Amino acid sequence: MRDFVKQPLLRRRILLAAPLAGLAAPAVRAQPAWPSQPIRIIVPYGPGGGTDLSIRILAPKLSAFLGQPIIIENRPGAGSTLGTDFVAKSPPDGSTFVHATLASTGIAAALYPRLPYDPVRDLAAVAPTVYVPLTLAVTQRGWNVSTAAELIETLRANPERYQYGSNGVGSTGHLANANFVTRIGARVLHVPYRSGSQTVAALLAGEIQFVQDIYGLLKPYHESGQVKCLFVTAEERSSLMPEVPTMREAGVPDYKAYSWFGLFTAAATPRPIVARMAAAVENALADPAIAARFVEMGTPGMPGWTPERFARYVAEEVVTWAPLVRASGATVE
């Protein structure tokens, strides 16, 4: 009986509250679910390199997961820092991401005395995509070098006569080669290009004598005899090129030479957006066809990372690479 008596009073309270609820509803509807528009991913290198190819492999799966088109835009320049800075200064609304690299973050922080962004403070780490071990390849046009020992001897005996190429000042290839040259006590000129495809074209033509780049990018030319891969920088041989020794097997002084790629966005981007994009990357990397494609390229996927773990890793890379950049003698041109 008491419950029945209370019902009219309860009903009046509901009716009185209804106009207030109606006023609040538009404010809720004003926050559309993300994403509500196409998503742009900046590649801070020219087309044709590993950073570009790998995100284009992931893009269809990301688009299907998120329900919006993915637009890939190449913005090369300043050793990949131009495109990365563009995203660091973009509106933090989840509309723009960058497929950045170790070069754009850990290396750039030490290499550029006036870097226009802080890779830890100004970028939100979303998720790594692939790990990138390297191989050193020499041209087979214009000189006769076929082993690591011959390369080291030739470079030492001819200071500043030969040249190595990279995908730009401050790129992983630049630092890997600079560290290699320093460790063997040689002096070699650096020629920066805007993309991996340009660098490989110069190697094939004999305009430069050696590079360090992704296994999969150099493998076809190694197999055709246009270049020769002398060693890989990983601790174990690659299943893609099992005949190529590791740097230790080749008698090369140990040095760090690797990269990784990953997605970042502006630092103030809401965490739910960062988490959803990270989930989209995880979903794409779990696709067996994509995983197999990355293995074929020599750049295995990096699933299983949270944004928080990736952010910690990036901060650690900044600390790791600062002394290596100084020791290499590499400078911004």
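**Figure 1. Phe 180 and its neighbours in the nonpolar core.** In this predicted model, let us start at Phe 180 and ask which residues it touches beyond its neighbours within four places in sequence. They are Leu 136, Leu 151, Ile 152, Leu 155, Phe 210, Gln 212, Phe 231, Val 252 and Tyr 255. The largest nonpolar core has 103 residues, and Phe 180 joins Leu 151 and Phe 210 as the residues that touch the most other members. Strand β4 supplies the largest share of this core, with 11 residues. In soluble globular proteins, nonpolar side chains tend to be buried together.

**Figure 2. A cluster of aromatic rings.** Phe 180 appears here again, now as part of a cluster linked by ring pairs. The other members are Tyr 164, Phe 210, Phe 231 and Tyr 255.

**Figure 3. Trp 143 meets Tyr 162.** The structure holds 14 aromatic pairs. One of them joins Trp 143 and Tyr 162, with 4.9 Å from centre to centre and 45 degrees between the planes, a tilted arrangement. Where in the chain do Trp 143 and Tyr 162 lie? Trp 143 is in the loop between β4 (123–139) and α5 (148–157), while Tyr 162 is in the loop between α5 and β5 (163–166). The two are 19 residues apart, so this pair links distant parts of the chain. Trp 143 has 11% relative accessibility and therefore counts as buried. Tyr 162 counts as buried too, because its relative accessibility is 12%.

**Figure 4. Trp 305 with a ring and a charge for company.** The ring centres of Trp 305 and Phe 310 are 6.2 Å apart, and their planes meet at 90 degrees, so this pair is edge-to-face. Both Trp 305 and Phe 310 are buried. Arg 309 lies over the face of Trp 305, 3.8 Å from the ring centre. Look elsewhere for another such arrangement: Arg 75 lies over the face of Phe 86, at 3.8 Å from the ring centre.

**Figure 5. Helix α11 and its bend.** Helix α11 runs over residues 307–328, and at 1.5 Å a residue its 22 residues should span 32 Å. Its end C-alpha atoms are 31 Å apart, which agrees. Where does α11 bend by about 30 degrees? The bend is at Trp 321, and Pro 323 follows within four residues. Buried residues of α11 include Phe 310, Tyr 313, Val 314, Glu 317 and Trp 321. Among the elements that cover the buried residues of α11 are α4 (103–111), β4, α6 (172–184), β9 (258–266) and α9 (271–285). Just after the helix, Gly 329 takes a positive phi of about 80 degrees.

**Figure 6. The mostly covered helix α4.** How many of the 9 residues of α4 are buried? The count is 7, namely Ala 103, Ser 104, Thr 105, Gly 106, Ile 107, Ala 108 and Leu 111. These buried residues pack against α3, β3, α6, β9 and α11.

**Figure 7. Pro 92 in its loop.** Pro 92 lies in the loop between α3 (81–88) and β3 (96–101). Because its relative accessible area is 36%, Pro 92 is partly exposed. Leaving out residues up to four places away in sequence, Pro 92 touches Ala 266, Ala 268, Thr 269 and Pro 270. Ile 55 is 37 residues from Pro 92 in sequence, and their C-alpha atoms are 21 Å apart in space.

Technical notes
Residues numbered from 1 in each chain as written. Predicted model: local features only at pLDDT ≥ 70, side-chain atom pairs only at ≥ 80, totals over all residues. Heavy atoms only, no water. Phe/Tyr/Trp six-rings, centres within 6.5 Å; stacked < 30°, edge-to-face > 60°. Buried < 20%, exposed > 50% of the residue type's maximum accessible area, 1.4 Å probe, protein only. Lys NZ or Arg CZ within 6 Å of the ring centre and 35° of its normal. Expected span 1.5 Å × (residues − 1). Bend = angle between axes of the 7 residues up to and from the residue. Contact = heavy atoms within 4.5 Å. Core = buried A, V, L, I, M, F, W, Y, C linked by side-chain atoms within 4.5 Å.
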